[in-house]
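The following exercises concern the geometry of helix packing, nonpolar cores and backbone conformation. Each task is followed by a solution in steps.

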Amino acid sequence: MRDGRLPYALRMALELSALRLLVACVGQGTITDAAIERGLSQAAASRGIAALEAELGTRLLRRGPRGVVPTPAGNRVVVQARRVLAEVDAVRTVVGSDGRTLRVGYAWAAFGAHTDGIRKRWAAEHPATRLELVHVNTRTAGLAEGIVDIAVLRVPVDARFLAVELGRERRFAAVPADDALARRRSLRLSDLEGRVVVTDPETSTTTASLWADGAVTIRHIRDMEEWLDEIATGGAVGTTAEATVARHPRRGVAYRLVRDAPLIPVTLAWWRDDEARDARSLVDIAREFYDTASTRPA
């Protein structure tokens with residue numbers, strides 16, 4: 001313990017219950033109160049502390065008429081014990097043993113106009129599990145990075161992940177609000193030819209393949225804010241999924257339906273060999289919203 005940290009092998013050998021008992025003793029100030037907190041008899045708590053001190057080869061607590069106080073070594077052990085216990089609790093939270101959270105990643109616009117409805121429906125039908133939306137601007141929206149349990153995607157992913165389609169969204173053009181194209185109710189892909197088209201190469205559904213070779217100039221940007229800035233200032237145009245229109249209105253940017261563009265599949269994806277708990281329930285709820293939307297007029 002020269003560096004103030006428990007050696008790995010020793011840390012693994014110590015009983016977590018003994019560490020929790022030690023932390024409780026320091027927090028409560030008496031072994032009696034710590035025993036009550038931990039659901040032990042006073043005798044069992046005293047034996048637990050004695051065994052821990054014997055394991056470490058040092059005294060951790062000083063007993064006095066008013067309770068216990070940690071020794072210098074005890075203070076160092078308590079600091080490390082709290083870290084270890086916090087890490088253990090974090091692991092339990094991730095796997096769902098200390099409360100349930102389904103973390104859903106998205107890169108740009110989550111479920112678009114359906115986002116609030118899906119969250120409200122989820123809360124009503126799954127009150128024990130919190131649905132947490134996490135914005136991660138990567139191709140898998142945090143799934144490959146281990147940040148989320150499941151991801152809303154509009155781009156293809158590799159075979160490591162299972163992607164279940166929820167529905168399809170229309171493609172919209174984003175043009176400067178003072179551009180002549182903004183005065184039209186809808187556009188065609190050919191109306192954007194000759195323009196600079198901004199796109200995020202990692203997460204965007206817009207690629208040069210939507211046009212003939214050389215018909216547009218592709219300029220790469222890094223995130224949604226930069227994309228909107230480039231368009232609002234009149235330097236470029238873009239295309240995007242319908243969800244963006246609902247979630248990212250912006251002064252200076254006009255969205256117009258692109259009539260001849262292919263629809264964009266929206267999927268929920270998770271690791272193929274580790275299906276997220278409640279993933280199928282979220283698929284069912286989201287599909288209902290997308291199915292209802294598909295009946296609207298173009």
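**Exercise 1. Packing of helix 2 against helix 4**

In this predicted model, the axes of helix 2 (residues 16-28) and helix 4 (residues 42-56) come within 10 Å and cross at roughly 110°. Classify the mutual orientation of helix 2 and helix 4, and state which residues make the contact.

*Solution.*
Step 1. Angles from 65 to 115 degrees count as roughly perpendicular. Helix 2 and helix 4 are therefore roughly perpendicular to each other.
Step 2. Helix 2 contributes Ala18, Leu21, Leu22 and Cys25 to the contact, and helix 4 contributes Ala45, Gly48, Ile49 and Leu52.
Step 3. By residue class, this contact of helix 2 with helix 4 comprises 7 nonpolar residues, 1 polar residue and no charged residue.

**Exercise 2. Length and burial of helix 2**

Determine what span is expected for the 13 residues of helix 2 at 1.5 Å a residue, and compare it with the distance between the end C-alpha atoms. Then list the buried residues of helix 2.

*Solution.*
Step 1. The expected span is 1.5 Å times one less than the number of residues. For helix 2 this should give 18 Å.
Step 2. The end C-alpha atoms of helix 2 are 18 Å apart, which agrees with the expected span.
Step 3. Buried positions in helix 2 are Ala18, Leu19, Arg20, Leu21, Leu22, Val23, Ala24 and Cys25.
Step 4. Just after helix 2, the backbone at Gly29 adopts a positive phi of about 90°.

**Exercise 3. Packing of helix 3 against helix 4**

The axes of helix 3 (residues 31-38) and helix 4 come within 9 Å and cross at roughly 105°. Classify this pair and divide its contact residues by class.

*Solution.*
Step 1. The crossing angle makes helix 3 roughly perpendicular to helix 4.
Step 2. On helix 3 the contact involves Ile31, Thr32 and Ala35, and on helix 4 it involves Gln42, Ala45 and Ser46.
Step 3. The contact of helix 3 with helix 4 divides into 3 nonpolar residues, 3 polar residues and no charged residue.

**Exercise 4. The nonpolar cores**

Which residues touch the most other members of the largest nonpolar core, and which element gives the most to this core?

*Solution.*
Step 1. The largest nonpolar core has 23 residues, of which Leu102, Val104, Phe111, Ile150, Leu166, Leu268 and Leu282 touch the most other members.
Step 2. Elements that each supply at least two residues of this core include strand 3 (100-106), helix 6 (115-125) and strand 13 (264-271).
Step 3. The greatest contribution to this core, 6 residues, comes from helix 9.
Step 4. A second, separate core of 17 residues includes Ile49, Leu52, Leu60 and Val78.
Step 5. Residues up to four places away in sequence being left aside, Val104 touches several residues, among them Phe111, Leu133, Ile150 and Leu282.

**Exercise 5. Residues in loops**

Where are Ala110 and Ala141 found, and is each buried or exposed? Also identify the contacts of Glu193.

*Solution.*
Step 1. Ala110 lies in the loop between strand 3 and helix 6, and its phi is near 50°, a positive value in a residue other than glycine. Ala110 is buried, with a relative accessible area of 2%.
Step 2. Ala141 occupies the loop between strand 4 and strand 5, with a positive phi of about 55° although it is not a glycine. Ala141 is buried, with a relative accessible area of 0%.
Step 3. Glu193, in the loop between strand 8 (186-187) and strand 9 (196-199), is partly exposed at a relative accessible area of 42%.
Step 4. Leaving aside neighbours within four places in sequence, Glu193 is in contact with Trp211, Ala215 and Val216. Glu193 and Ala215 are 22 residues apart in sequence and 5.1 Å apart in space, C-alpha to C-alpha.

Key. Residues numbered from 1 in each chain as written. Predicted model: local features only at pLDDT ≥ 70, side-chain atom pairs only at ≥ 80, totals over all residues. Heavy atoms only, no water. Axes fitted to C-alpha atoms, helices over the stretch in contact; angles between N-to-C directions. Helix = DSSP H or I, 4+ residues; strand = E, 2+ residues; numbered from the N terminus. Parallel < 35°, antiparallel > 145°, perpendicular 65-115°, else oblique. Contact = heavy atoms within 4.5 Å. Nonpolar A, V, L, I, M, F, W, Y, C, P; charged D, E, K, R; others polar. Buried < 20%, exposed > 50% of the residue type's maximum accessible area, 1.4 Å probe, protein only. Core = buried A, V, L, I, M, F, W, Y, C linked by side-chain atoms within 4.5 Å.
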